[in-house]
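Pull up the model and keep the sequence beside it. We'll take a walk through it, stopping at a few spots along the way.

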Amino acid sequence: MRFLAAVTAGIVWCMTAPALADPRAEIAAKSKAAMASYDSMDYEAARRLLNQALAIAKKAKLDKDPIVARIYLDLGIAQLAGSDQEAAKVAFLSAAQIDPKITIDAAYKSPELVKMLEEARAAATEGSSEPAADPGDCKAVKGLQHTIIDTGKAGVAQPIEALVASDLAPARVAVMYRPEGAIDFVEAKLTKQGGCKYTGTIPGSAMRGSLVHYYIAAYDANNKVVAAKGSSGSPNILELGAAAPGPGETEDPINGGKAASARGGTASAGVSAGAPAGGKSPKIMLAVSAGTGFGYVTGTTEGGSKVQTCCIGSSLVVIKPELGYYVSPRFSVGIAGRFGLPIGANIMGHSSVAPGALVRVRRAFSESGDGLRVMGELGVGILRDTIKLDAGPPGSPGAGMDTDIVAQGPLLLGVGLGYTKRLGSSVAFFIDLDAIAGIAVVHKVGSAINLNTGIGGDVTLGLAVGF
């Protein structure tokens, strides 16, 4: 149901977007779609749509319009739901600075959100009365001060300057930037120029497309943000006059963009793991997972015995390598291997491995590719499960050899449900639960002399690496 709601919101947006000439109407449509995603618990999609609305407002010179205050407020709500409290605070402060009387809709109101908005109003009132600090007088500097940059030139490095209060004693100060189309922010360290002044640049290779998101943060020795101007959830928007394509770009399949995290990544000047400063759609992924399998078995074992009293067998160890291609962050196709190890059989001459090859497609519910996903697979191979046989009379030939293997296939057809969670810039953890049917279109393939039809299930955990 949640997935259908998110898809419906997306379809409505896609159908109406071309007809929206009024930027206010575009912003409202983005906001409506974002909160539909929020209601479906797809907080990443909500955050992305709200940032798109802010970009539209920036281009239309509506930065201080009350409608933008509402966008910031909704962004803060989405950020808090996504467990990013610092980003939520920054978004609420931005909303209060535009509209001090803004309130939270009843549908989203909670004591925590109300308290956060009250604190943001107080901070906005206090901040508006503070005069700008003199760069030469560090004693007058409070927190982190930076004059937000509205425009820049495509392909040209953008100078960045900030003042940081001496009492913060930051371990490092950095500008985090994200070119248009990228998902993650990239860190570029700022250099202290004496006193409380820090300078640096957003590299020219990142000044691409129509805009760049950025924020400045000061970190302590534990990598915790002690002061910031903007945040990953509520960044400053730097508008570019014209797009500047980046030659020789490579991509990150897990993040769909740059390989440094928005929470203190360490990519130097925006270059990390071969990823470009812009980032595009995901492309290549290499994954490996391992787990266990089980199956509903019938027919004849490989030793020639009939399956009589029990129908549940097991493949104690299952290993699955996979090479995938990302058509989009949500959809991928790939080739996967399946190697089952039916450990425990004691019949003489039993098989020790169950190989298979599958073409696999995956579809994520979230726009980011994180979270729940479904998959389908089709291929060829053998499923092998160990199963207990009826024991013969004591002293009969083969007594004590009571565990054999049932083989299924060679046509394999499966469906599954999975969950993905990014662990860093180019690594993701995932868990898959899939059901695979082995269909005996023939009854003998190689060493598999008694093929049956049945269905099995695999539970596997793995890691995916992007290139």
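Four strands, β14 (371-381), β17 (411-422), β18 (427-439) and β20 (454-466), each give at least two residues to a nonpolar patch. Strands here are DSSP runs of E with at least two residues, helices are runs of H or I with at least four, and both are numbered from the N terminus. The patch sits on the surface and is made of F294, L372, V374, L417, Y419, L423, F429, I431, L433, V459, L461 and L463, with about 1,000 Å² of accessible area together. Patch members need over 30% relative accessible area and no salt bridge; nonpolar side chains (Val, Leu, Ile, Met, Phe, Trp, Tyr) are joined within 5 Å, like charges within 9 Å. A salt bridge puts a side-chain nitrogen of Lys or Arg within 4 Å of a carboxyl oxygen of Asp or Glu. Areas come from the Shrake-Rupley method with a 1.4 Å probe, and for residues only the protein chains shown count as cover.

Before going on, some ground rules: this is a predicted model, where local features need pLDDT of at least 70 and side-chain atom pairs count only at pLDDT 80 or more, while totals for chains, interfaces and linings use all residues. Residues are numbered from 1 along each chain as its sequence is written, and side-chain values use heavy atoms, with hydrogens and water left out.

Back to the patch: L463 belongs to β20. L463 counts as partly exposed because its relative accessible area is 41%; buried means under 20%, exposed over 50%, and partly exposed in between (1.4 Å probe, protein chains only).

D434 lies in β18, but this residue is buried, with a relative accessible area of 2%. Which side chain does D434 pair with in a polar contact? The partner is K320, at 2.8 Å. A polar contact is a pair of N or O atoms within 3.5 Å; within protein, one must be able to donate a hydrogen and the other to accept it, and residues adjacent in sequence count only if both atoms are side-chain atoms. K320 is part of strand β11 (residues 312-326) and is buried too, at 4% relative accessibility. Not counting residues up to four places away in sequence, D434 also touches R360 and D458, among others. With that same sequence cut-off, R360 and D458 are among the contacts of K320 as well; contact means heavy atoms within 4.5 Å.

Now for the helices. In α2 (residues 23-39), the end C-alpha atoms are 24 Å apart, which agrees with the 24 Å that its 17 residues should span at 1.5 Å a residue. That expected span is 1.5 Å times one less than the number of residues. At the start of α2, a side-chain oxygen of D22 comes within 3.1 Å of the backbone nitrogen of R24, and after the helix comes M41, with a positive phi near 70 degrees. Helix α3 (residues 43-59) reaches 25 Å, close to its expected 24 Å, and 13 of its 17 residues are buried. K61 follows α3, with a positive phi near 60 degrees.

One loop stop: M401 sits between β15 (383-388) and β16 (403-408). Its C-alpha lies 5.5 Å from that of N346, although the two are 55 residues apart along the chain.

Zooming out, the chain has six helices and 20 strands, and 49% of its 467 residues count as buried. Carbon and sulfur atoms supply 62% of the roughly 21,400 Å² that the chain exposes.
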